[in-house]
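Open the model in your viewer and keep the selection box handy. We'll go stop by stop, with something to pick at each one.

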Amino acid sequence: MSKKKKTEIQKQKLEIIQLFDHHRERPFTLSDLYNQFNVYDKDDQTFFKLILEELLDEGKLQMAGRNKYMKGSGKEKSAFLTGILDHVNPRFGFVRVDSEEKDVFIDSSGLNGALNGDTVQVQLLNKTSRKGGNPEGKVVEIIKRGRSEVVGKIKVYTNYAIVKPDNRNFHEDIFIARGNVENAENNDLVIVKITQYPTDFQQASGRVVEVLGKSGDNDAEMHAIMAEFGLPVKFPEDVEKLAESIPVEINKKEIAKRKDFREVLTFTIDPADAKDFDDALSYRDLGNGNFEVGIHIADVTHYVLPGTVLEEEAFKRATSVYLVDRTIPMLPEKLSNNLCSLRPNEDKLVFSAVFDIDMHGNVHKEWFGRAIIHSDKRFAYEDAQEILDNVPERLADAGKNLSDAIVNLNKIAKNLRSDRFKKGAFNFETNEVKFQLDESGKPLGVYQKVRKDAHKLIEEFMLLANKKVAEFIYFGKFNEKLRKQVEKDKEAAPTMVYRVHEPPNPEKLQTFAAFAGKMGFKINISSDAALSKSLNGLMFEIEGTTMQNVLESLAVRTMSKARYSTSPQGHFGLAFEHYSHFTSPIRRYPDMMAHRMLQHYLDQGTSLSKSDFEEKCKHASDQEKLAAEAERASIKYKQVEFMSYEDRSKVWDGVVTGVADFGIFVEVGETGCEGMVRLADLNDDYYEYDADNYRVIGQRKGRIIGFGDTVKVSVKSTDLEKRSMDLELIESGGKVLPAMESRGGFKPKSSGRSRDSSSRKKSSGNKVIPPKRGKRRGR
């Protein structure tokens, strides 16, 4: 740039600053400024706007609404933040930054080619988004691409093809040159490798790397969901080969190293369709009022050794994924369903936590170590529940009394559960959505599976083992010298992988309490103990009502998300000061880490590297989140598919689960499927959104439709590609505003877009969104 040009810019800047110095409190529109400085030529206007941008960056001006400028603070705004882009809709996105910071609003014009999931650096602008109060910024650098492959449906034309991504947050269609279509045909689901990322001037382009099958085919759709979240389906050949080479026979030398429980009554309780039995219970009456209860966990790390391709693949996956019709295991089938599965009438290697415990759940002795067991019986949950429901004549198996064992263990489990709640644990009972499928994967029925005592029995003993393992390591109980050091200084505690659950964000808690208050329920958030008591009281009060699923889901959403960490921060929801994941190493990599760490300390090893394990914890937490999203996507797909087959004239009972400025979300009670009644489709009145009270109100008749209302709906349309369903409102049980309130029209306050790290919206509207219910993942 010439010296003369620089002088002109500086002169123009000075004139602009002088104007704002004389009018410190007055905002100027862009048109005002054009007129003030006689800027009418289009090129001159572009240049003038660039000067204004510089003044904004320098802090000499600030935004005061859309296209309005005011005198700035004088502080240069040069802050840069790094985060992950959440591209919520084509018009804008948010960059998720530090948990203490509000998310940064990014207009689509400021994305600079960034895509959903990319790690980006943003520059903060001297303004906030118009209504939500989030800081606004622009992407200045793409640090790391979130993905290099995309799954979607292909449309093939004569000389090219277009792939529309399945991911709702990926708003760029991908151009495929004819030579890169491979053997894909019209409407196939494909995986595309991105070869050219989009810019402000150019569409993304790529090449087809895999054809999954026809859109609508069950296998193709399930594989597409896995690919959408970047989750692998097939195991590499070398991983399968190594797994197959592991001998099934257990040699005598290995047995001699272990504690032998093969003569102790042992059994498993799992879902009827389960194949990987990774935990078993042993039971022995000690004759003194106490019982020896063993929680025996598949000894996966005996077979999966560090430095092998098996270990690398297990770490990469970090978790099994449970789709509607299949399990995508973390370990190859030879391990997950054979070597490590605690099948009945077979000797199996285990890692055990064994307790001398009384009927009240008090533990008097504990032992941890490697063992061998022989399961006497495999129960489905339904079988065990039948025993608990009927307490029939004693069930004999090889002369061992299984019925007494299950009944007594259930009594202990109930006392353990009661003790947790007294100490502040939360009692959330979300139901699991299940499907009846035919051989091709077509859903014939949808139902919600209710957890009964048999499920809770197993859960309580798994929680006990997880808790006791964490305490054993944290307090250094394996080494007397270390134990004394930890008593004096908690920083001396050895490194361990914990399952942590922090207290809820106060802002989210306040929001939930206010919401519950408007529904007629009081939530005491003055202390953790008061919150626990209050929430458990709420759950008891709404049990069996139409509000149960809605409020339980929102309460769960209010809580922080559990994660893995080497920092012993406790588990808020379970009211445990120390908690780990030890009981499911077949399907969770953190449990494998816990097994190795426990054995290391039992062998009197010194504290392990915290930084190495913290990195692995973050990876496991990230993979768990992706797996949960894939599971929810498969459930949503099958729910919509099921509803697509139903008679459109059928009327369903439903509950309003969310309200937005564009529609009402309704959960169909019978199936748990959720769909939307669009406000534009309500012809009896003109409805406006009352954000403060989670409802919409008819402007002429005063009819109210709000959160938790019971309604009757029919299916208007289904969209399998979007996994969405539009409903028609047949009848509403909502109230009508008093005549005085509705006379002259109601003027509700509508909320704008607002994003912070504790409340991340996934749509451009303002819906109150409960989480989807799916398979219960480990706490």
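Before the first stop, one bit of vocabulary: two strands pair if DSSP finds at least two bridges between them, and strands are DSSP runs of E, at least two residues long, numbered from the N terminus. Also keep in mind that what you are looking at is a predicted model.

**Stop 1: a strand with a neighbour on either hand**

Select residues 290-298, which make up strand 17. How many of its nine residues are buried? The answer is nine of nine, so the strand is mostly covered, given that buried means under 20% relative accessible area.

Now add residues 279-285, and you have strand 16. Strands 16 and 17 run antiparallel and are joined by seven bridges. To see one end of that pairing, pick Asp285 and look across to Phe291 in strand 17, its bridge partner. The two strands form a hairpin, with four residues between them. Click on Gly287 while you're there: this residue sits in the turn and has a positive phi of about 80°.

Next, bring in residues 347-358, which are strand 20. Which way do strands 17 and 20 run relative to each other, parallel or antiparallel? They run antiparallel, and nine bridges join them. For a landmark, choose Ala298 and find Val350, its bridge partner in strand 20. As you look along these strands, remember that in a regular strand the side chains alternate between the two faces of the sheet.

**Stop 2: a helix residue and its contacts**

Jump to helix 5, residues 237-245, and pick out Leu242. What does Leu242 touch beyond its sequence neighbours up to four places away? Its contacts there are Thr308, Val309 and Leu310. Try a distance label from Leu242 to Thr308: the C-alpha atoms are 8.7 Å apart, although 66 residues separate the two in sequence. Leu242 counts as partly exposed because its relative accessibility is 29%, which falls between the 20% and 50% cut-offs.

**Stop 3: rings**

Time to show the aromatic side chains. The whole structure holds 23 aromatic pairs. Start with Tyr160 and Phe175, a stacked pair with 5.7 Å between centres and 20° between planes. This pair links distant parts of the chain, with Tyr160 in strand 10 (residues 160-165) and Phe175 in strand 11 (residues 174-177), 15 residues apart. Tyr160 is partly exposed at 33% relative accessible area, and Phe175 is partly exposed too, at 32%.

Move on to Phe368 and Phe472, which form a tilted pair: 4.7 Å centre to centre, 45° between the planes. Here the link spans 104 residues, from Phe368 in strand 21 (residues 363-374) to Phe472 in helix 12 (residues 453-474). Are these two buried or exposed? Both Phe368 and Phe472 are buried. Widen the selection to Phe355, Phe478 and Tyr601 as well, since ring pairs link these three with Phe368 and Phe472 into a cluster.

**Stop 4: charges over rings**

Select Lys377 and Phe379: the charged end of the lysine sits over the ring, 5.8 Å from its centre. Then try Arg499 with Tyr564, where the charged end of Arg499 sits over the ring at 4.6 Å from the centre.

**Last stop: cysteines**

Finish with Cys340 and Cys673. Cys340 counts as buried because its relative accessibility is 2%, and Cys673 is buried at 1%. How many disulfides turn up in the whole structure? A search finds zero.

Notes: Residues are numbered from 1 along each chain as its sequence is written. This is a predicted model: local features need pLDDT of at least 70, side-chain atom pairs count only at pLDDT 80 or more; totals for chains, interfaces and linings use all residues. Side-chain values use heavy atoms; hydrogens and water are left out. A disulfide is a pair of cysteine sulfur atoms within 2.5 Å. Buried means under 20% relative accessible area, exposed over 50%, partly exposed in between (1.4 Å probe, protein chains only). Contact means heavy atoms within 4.5 Å. Rings of Phe, Tyr and Trp (its six-membered ring) pair if their centres lie within 6.5 Å; planes under 30 degrees apart count as stacked, over 60 as edge-to-face and the rest as tilted. A charge sits over a ring if NZ of Lys or CZ of Arg is within 6 Å of the ring centre and within 35 degrees of the ring normal.
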